[in-house]
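Work through the two exercises below with the structure beside you, and try each task before you read its solution.

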Amino acid sequence: MFIVLIALALAVFVLPNLWAKWVLKRHTRGRDDYPGTGAELADHLLRRLGVEGVKVERAEYGDHYDPETRCMRLSPDNYDGRSLTAVTVAAHEVGHAIQHHEGYTPLLARSRLVHVAQKAEKLGAILMMAAPFLFVLTRLPGGLAVVIAMAVISFGTAALVHLVTLPVEFDASFNRALPLLKEYVPPYDMPGARHVLTACAFTYVAASLASVMNLGRWLVILRR
């Protein structure tokens, strides 16, 4: 049973990421029939949609939109590439810029929660490590319970951020980016574009599951 649980946990955490990477890699072949790169499509869409003040930059790692700096960052392959993955990922990040421009509530909530969660998660880890020592020093079970409760709440905040992230990602992919791509991507490429958009959203599914599982693991430990 233990081995089965370990295998199940690995499948839950690893398979979504592996599948997403495989899909993104599958569609990175350069396309001479595409008129521009991922960065050029992003610039064009932002201008066309009237989303002002957003910069498109090359990033060393990962693709993301930063609401604080109003900056869209694309990895080198997607920034300079003329591939289905490059233009689709660029459209996905434009989707986030549109969300921010329109004041999409879940995106704004996630942005606020991220700062809280980062601090809460660090505090939670410190409290969980310090709890046994505090109990030895104070000999107050009630004090220990408070510390443990605070730690669990901090981990729960991180889990909440990841759960809020999921609808934000799926909205950026399918409600924002997909309709735009239908105007720029040939019809025979649209099934691949949908797979890439799903992969963009699924990169956060594993993180969400891992965060929830981590919270559950601590709750099981505390029950013992």
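The expected span of a helix is 1.5 Å times one less than its number of residues. The model used in both exercises is a predicted one.

**Exercise 1.** Compare the span of helix H2 (residues 38-49) with the expected value, and then work out where its buried residues lie around the axis.

*Solution.* Begin with the length: helix H2 has 12 residues, and the distance from its first C-alpha to its last is 16 Å, close to the 16 Å expected at 1.5 Å a residue. Next, list the residues of H2 that count as buried, which are Gly38, Ala39, Leu41, Ala42, Leu45 and Leu46. These residues cover an arc of only 160° around the axis, and therefore they are on the same side of H2. Finally, look just past the helix, where H2 is followed by Gly50, whose phi is positive, near 75°.

**Exercise 2.** Find the aromatic pair in the whole structure, and decide how its rings are arranged.

*Solution.* A search of the whole structure gives 1 aromatic pair. Its members are Phe170 and Phe174, whose ring centres are 6.2 Å apart and whose planes meet at 20°, so the pair is stacked, because planes under 30 degrees apart count as stacked. Now place the two residues in the chain: Phe170 and Phe174 are 4 residues apart in helix H6 (residues 141-181), and are therefore separated by about one helical turn. As a last step, check their accessibility: Phe170 is partly exposed, with a relative accessible area of 30%, and Phe174 is also partly exposed, with a value of 26%.

Technical notes:
Residues numbered from 1 in each chain as written. Predicted model: local features only at pLDDT ≥ 70, side-chain atom pairs only at ≥ 80, totals over all residues. Heavy atoms only, no water. Phe/Tyr/Trp six-rings, centres within 6.5 Å; stacked < 30°, edge-to-face > 60°. Buried < 20%, exposed > 50% of the residue type's maximum accessible area, 1.4 Å probe, protein only. Arc of directions from axis to C-beta.
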